[in-house]
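Notebook open, coffee at hand. Today I am looking up salt bridges, and I would like to see who pairs with whom.

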Amino acid sequence: MPVPVILAGRTVRLEPLAAYHAEALAQAGAEDRTTYAFTPVPHGLEAARDYVARALADQAAGRSLPFATVSTADGRVVGSTRFLELDYWQGPLVWPPAPGIPFGDPATAVPDAAEIGNTWLSPRAQGTGINTEAKLLMLRHAFEVWGVQRISMRADARNQRSRTAIERLGATCEGVRRAHSRGLDGVVRSTAFYSILDEEWPAVRDIIELRIAAATSPSAPDRAINQECLRHGGGTGQLIPA
């Protein structure tokens, strides 16, 4: 299974999520909850402890690799993110496939595909460049250390602003799965799916690095939302800005 690792950049440090992060996560999640319409964010200390416990249980089962998101400017925990949906394609070919089962020694196995998700930031960290650099660190680790073939991301189809943020990274929209699951608001939601492939990573990396370099330029162009994904759903919702 993937080994917990610290991913450090200029504005952000991603630390392996641990029980001692619960209090700081509770404080980050309590600042202003108006932007959390579509993303599960713990509310209160007990909820934060439960959030961490569930994440660590998933990690122990080999299903995810969660992080606490830390601002390097002041050392404050400002949110969380994780790798999830870890999949392994090595070893003998079997049918039907058994996703999430590594071949060989689980202690040294790394995934061939994964998803980045469960990402949220406190309001004070939104719009600071932390999210963009955190994505760069995670994508670089996945493609250049693990050697994955694919990274996926998803968003509630109604959450147009978060979908825009994903596309600004250079991810490709694969379409919308209609009536995919139940949303946090209890409404059956459709889900927009995105991906970045191994052969696309160098170009995507350039896009993200240019966005980081141009973060202070008000004239930096935005990448338009893929029209295929706009056919289903709309509206506005939670955004984790660059």
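Before the first pair, I note the criterion I worked with: a salt bridge is a side-chain nitrogen of Lys or Arg within 4 Å of a carboxyl oxygen of Asp or Glu. I also keep in mind that this is a predicted model.

Entry 1, the tally. I looked up the total and found 12 salt bridges in the structure. I picked a few to follow up.

Entry 2, a pair inside one helix. I found R54 and D50 joined through their side chains, with N to O at 2.8 Å. Both sit in helix 2 (residues 45-60), and because they are four residues apart, about one helical turn separates them. I checked accessibility too: R54 is exposed at 57%, while D50 is partly exposed at 39%.

Entry 3, a pair between helices. I saw that R140 makes a salt bridge with E209, with 3.2 Å between the closest N and O atoms. R140 belongs to helix 3 (residues 130-146) and E209 to helix 5 (residues 201-213), so this contact ties together parts 69 residues apart in sequence. R140 is partly exposed at 29%, and E209 is partly exposed at 33%.

Entry 4, a pair between strands. I located R189 with D156, their closest N and O atoms lying 3.9 Å apart. R189 is in strand 8 (residues 188-197) and D156 in strand 6 (residues 150-156), so the pair links parts 33 residues apart in sequence. I found R189 buried at 14% relative accessible area and D156 buried at 4%. Following shared partners, I could join D156, R158, D185 and R189 into one salt-bridge network.

Methods
Residues are numbered from 1 along each chain as its sequence is written. This is a predicted model: local features need pLDDT of at least 70, side-chain atom pairs count only at pLDDT 80 or more; totals for chains, interfaces and linings use all residues. Side-chain values use heavy atoms; hydrogens and water are left out. Buried means under 20% relative accessible area, exposed over 50%, partly exposed in between (1.4 Å probe, protein chains only).
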